[in-house]
Amino acid sequence: MSHIPTQSGVAWNEMTVIKVNRAMEIAFENDLPLISLVQSAGVFLPQQFRVFHKGGQLFRDLAIRTQHGKPSCAIVFGSSTAGGAYHPALSDYTIFVDKQAQVFLGGPPLVKMATGEIIDAEQLGGASIHASLTGLADSIAEDEFDAIQKARQWCAILRDPSPSHLEPAASELPLYPADDILSLVDPDIRRPFDMREVLLRVIDGSRLLAFKPKYGVNMLTAWAHIHGFRVGIVANQTPVINPNEALKTAQFIRLCNQELLPIIFFHNVTGFMVGSKAEHQGIIKAGAQLVSAVSCSKVPHISIIMGASYGAGNYAMCGRSYRPRFLFTWPTGICGVMGPDQLAGVMETIKAKSMKSAWLPEEAAAQGQKLREEAHRDAECYATSSALLDDGIIDPRDTRDVLGMCLEVVRIPTAQDVQSALLAEAMARDLFVADVPFDSEATCRRLNITAIVVYTHEDTLSRHVSDADESICIGSIQHDATNPFLNIELLVKTALAAGAQAIHPGYGYLSENADFSDRVRKAGLLFVGPTGTAMSTLGDKRSSKAYLRARAPDVPLIPGFEGSSQDVADLEEAAVRMGFPVMLKASAGGGGKGMRVVREQTQLRGELERAQSEAQRSFGSSDVILEKFIEYSKHVEVQIIGDQHGHILPLFERDCSVQRRNQKVIEETPCLYLSQDTKQRMIDAAVRIVKLIGYENAGTVEFVLDTTTMQFYFLEVNTRLQVEHPITEEVVGVDLVALQLYVAAGGRLLDLPQLSSLEPKGHAIECRLCAEDPQCDFFPDHGKILIWRPGSSPDNKANSVVRYETAVRSGATVSIYFDSMICKVIVWAPTRALAISLMIKELSETACIGVKTNQRFLQDCLLHPAFRDPGYKTSFIPAHLSELLGSSSHSGVPARISLLPSVYLRMLRDQATAFRGINRQFRNQCFDPLGSGSEIITLKYASKSPRGTSSDTIRCDVLIRRPSSGAHPSDGSRVCLLPVPTKKDEGKGTSADYDALSQILRKVESLPGPAFTVSNVQLERLDLSSTEQSSSILEFYVDGRKVRAYLATSKQEKTHKKSGPTQDDKVRILAHIPQLGEWFEFTRYTLLSFFVEQRRSLAAEKGKGSKDIKSPMPCKVLSINVGVGDEVKAGDIVMVVESMKMEITIAAELPGKFQTRWKEGDAVSEGQVLCFVE
């Protein structure tokens, strides 16, 4: 890339900037070195407004090149002023043409006007000034041709991405004999020697390519070969390190890391320069930069102590504590805090000051000599070597051969091995997981990385807490002033205290927070995710669209309001202009939070307030954007992962169009609806979007596909690992978490050959199992999970794969403080049809007893004919909701299912007593059907609603045994079921109902209900380490048909009380029935206790009325929409509350006057009356 000195007076016009930016883009995307021929006067002032902003991109791109290890070289031919001065300053290597190159921010005329100083251009910023004083010039060329030749030499030493460059070149002997070293180095190390002359007798062909030879001349930094191996050399030309030497060496070490070159340190150093001049020049800061560069370097180091190696100078030259691969000492080497003379002098001074009277001269001399001898004895090479502080003492003449053998050992076979070693070193100790993706712990175990998870008191019993290598409690969501998972400083402090070296943010809370990403990196930890800049630019919907409009106008965006106003009038005007329906979206975050579809103008104000309120609570920002709502659409996203070297790997697409409340519940891949051309264009667009910003780590680019036009639009970038990433892993065959760790540690994706030919195989589906009730507008549920049993053990056969990713287990509590998703079920099969069948089977077999879930609803979605067509849209659930909920109503539950509690309880009794076959309500009137074990079984569908817990009775049957059978059910007993008749409309009450049923049951031979034969009963107790409930698996046959269920009943539920049998007994049993695909609540009554319960229930309803609306779970009052005493109609929204990260509207069910005792911001406990109408 070359500036043209004859164009626009060497200034940058608009086309210059556009061409430069394009050249930078090409070099970055194709991993090319960049050589710039620089001569620039900065911005062409007549076009300043068209050039200024675009021109600044060059400097940013140069810095990003360095960050990604892509080398750049600037050859300064002439004057480069103003903005042009930053071009060489931001390049990795600079070559100045002597007596021509001049670099300064302001030239002599501007300096004179600004400061009154008169100075010529050469003295202000000529090549010699930058080579010797500022250090900006790395090399000086005699003329332009010499400069180009030096640039070619620089290119020759760059790292070739192919493994062949790591093979040694042909070895050449030095031009001078090694025996000369004995005469060059005086045994008295206090006498200086010429380090360059020594090196010429060690390196191949006696050739050194010096780096910054005129700057920081007391430190020699250069490239050379030893026995054919290319190396970097750092050597003390004089024993003292000045600020310039420290800065120059730190830069050189970084260049060697960029080129993957081993570094050899030749010690003859007494330490860093002291005194006012050095202190004022920043020796402490410069020295710290050098020590930091040595500490963080990832290439092999080899140290040779030739003479002195004292104090911090030993650290800066990679002494033993800085872990060089090898360290050898010459017989002249001496190592300690300081030299013997200095140490003795300091100690004498301290001793003299501590004495009350002055020492006698002879005493001081004797004490000083003793200290010198002790210090020399402890620091000489034979003492330090005997303490294993080096790897041996070598003859100086053998230095070249010893280094050759070391380089043979430490040489790097492939770049991939370097990155693997980097990964191991960076993460071998600990990975700190701030918000656990369920599969990250398993990946860490496979990689032998220690996983440390943080948790709060509210999720103490979660499985990931016990499964982790280490778990740290960071507080309480309920009681702490700030949610600990959102406390950046707390998380970073905890990670550092735990000794972690990396933080994985998971896929919730702070996973897309730019401040968190930046703070983690600032703390010196690896952040397993993109940079803060990428997050703030692409992760925010408003800023990402503005960014793409400016830099990639060809990427299609959903039509919308481009302004930033949040005023309702402005948004209404924009909505009317683009046409309803429109969608409001929270600018920050995702997951369906802060999203509202507005179908007419009158709804916009109210929906805007709710969207802003939810966005503020979820993401800390109330900013929303307004877009056209695409009615007939599919939600398709592309998984990508990028490394720190500018390479982006697309991992194909996912179809996420099955959504409720704009949140995904079923995802699949591949998307069979897309044509190959549309799919490829979508993937290309995704790669282009993230490449613009140099994206690193995992991310997802989401699109909306208009199915009427087949045009796709950019939606957003999720700058984190997505919940649905496992289905991509299954069809592609890669571990995305492992790839995240690999690229975070600096790994190059191009060095993994298995990634070069990825193709999706088979079909994968993920279902999100959520604690919610679809029958009550997907109202969330919470509570204890009594039984958790996945449908099958994790399977990885040739023809299918099943994965369960969850933090729950039996006994765990679903808390109101977390999202309602409790498990991800992932299946893979060769075809989509097989994958659907496999998922339905897994969902139906999975037992999750205790909280209401969408388990059956997911099965009904998969079974629906519209889902079998890959062209289903994001409106799938809303369009078919009544059918999907109707399928889940269980109106056709087989009668035999009602036998389950009776069979179960009799088996429990038989295992606990010797009186087998004796009814619990034994009477000597054995031929009276009411005394032969009649009981009533109710089967209920438990649900949640804004009015509190409600239960819908699916079946209510009376069970009676035929008198011909006196055996228990496992012996083939005959039982009858009869629906319980209710005649409340006759006004005779429950007593009349009881009498009527008694009369029917006594006519046992003519009962109209079906009769069943029960046989082959088997009961298996489950050991779930719970003292609160009894859990079992029950299996039996009814007329030859198998019934199987998982059962849970409280251990406080007694089949009879200590005082003997009573007629007020009832037993509540929760059962998951795979045949029905979810769990239900059974209650087993005696006849009398059933009707007593009915009477009590009726009396309670009459006493309290039916206008109370109770809190279904602990919640917070967000708003009260009407005043106390106001008249309301049935269906009016009277309150809005929040629980489980969800905003819930409370509607009046009856007309009347609204009453409540709560105010906005109040916390309401479960079961308390929220409001009522009079």
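Here are a few exercises on this predicted model, each with a worked solution.

Residues are numbered from 1 along each chain as its sequence is written. Because this is a predicted model, local features need pLDDT of at least 70 and side-chain atom pairs count only at pLDDT 80 or more, while totals for chains, interfaces and linings use all residues; side-chain values use heavy atoms, with hydrogens and water left out.

**Exercise 1: the cores**

Find the largest nonpolar core and say which helix gives the largest share of it.

- Start with the criterion: a nonpolar core is a set of buried Ala, Val, Leu, Ile, Met, Phe, Trp, Tyr and Cys residues joined through side-chain atoms within 4.5 Å. Buried means under 20% relative accessible area, exposed over 50%, and partly exposed in between (1.4 Å probe, protein chains only).
- Run that, and the largest core comes out at 59 residues, with Ile666, Ile822, Leu862, Ile877 and Ile1146 having the most contacts inside it.
- Helix α30 (residues 832-845) supplies the largest share, 6 residues. Helices (H or I, at least four residues) and strands (E, at least two) are DSSP runs, numbered from the N terminus.
- Now zoom in on Ile666, taking contact as heavy atoms within 4.5 Å. Leaving out residues up to four places away in sequence, Ile666 touches Ile765, Leu858, Leu862 and Phe867, among others.
- Don't stop there: a second, separate core has 52 residues, including Leu674, Val734, Val743 and Leu749.

**Exercise 2: charged pairs**

Work out which parts of the chain the Glu730–Arg803 and Glu935–Arg1084 salt bridges tie together.

- The test is a side-chain nitrogen of Lys or Arg within 4 Å of a carboxyl oxygen of Asp or Glu. The structure holds 46 such salt bridges.
- Glu730 and Arg803 pass at 2.8 Å, N to O. Glu730 is in helix α28 (residues 725-732) and Arg803 is in strand β34 (residues 800-806), so this pair ties together parts 73 residues apart in sequence.
- Arg803 also forms a salt bridge with Glu805, at 2.3 Å, N to O. Arg803 is buried at 17% relative accessible area, and Glu805 is buried at 4%.
- Next, the side chains of Glu935 and Arg1084 meet at 2.5 Å, N to O. Glu935 sits in strand β38 (residues 935-945) and Arg1084 in strand β45 (residues 1078-1085), so the parts tied together are 149 residues apart in sequence.
- Both ends of that pair are buried: Glu935 has a relative accessible area of 3%, and Arg1084 has 8%.
- For a bigger picture, look at the salt-bridge network that links Glu637, Arg654, Lys664, Glu667, Glu702, Glu724 and Arg768.

**Exercise 3: helix α12**

Check the span of helix α12, then decide how its buried residues are arranged around the axis.

- The expected span is 1.5 Å times one less than the number of residues. For the 14 residues of α12 (residues 283-296) that should be 20 Å, and the end C-alpha atoms are 20 Å apart, which agrees.
- The buried residues are Ile283, Ala286, Gly287, Leu290, Val291, Ala293 and Val294.
- They cover an arc of only 155° around the axis, so they are on the same side of α12; the arc is that of the directions from the helix axis to the C-beta atoms.
- The face turned away from the buried side carries exposed Ile284, Lys285 and Cys296.
- As background, an α-helix has 3.6 residues a turn, so residues three or four places apart point the same way.

**Exercise 4: strands β2 and β45**

Which strands pair with β2, and how enclosed is β45?

- Two strands pair if DSSP finds at least two bridges between them.
- β2 (residues 72-81) pairs in the parallel sense with β1 (residues 34-40) over 6 bridges, with β3 (residues 93-97) over 4 bridges, and with β4 (residues 102-104) over 3 bridges.
- For register, Leu37 partners Ile75, Val76 stands opposite Phe96, and Ser80 partners Val103.
- 9 of the 10 residues of β2 are buried.
- In β45, 8 of the 8 residues are buried, so the strand is largely enclosed by the rest of the structure.
- β45 runs antiparallel to β44 (residues 1066-1073), joined by 8 bridges. The two form a hairpin with 4 residues between them, and Gly1077 in the turn has a positive phi of about 80°.
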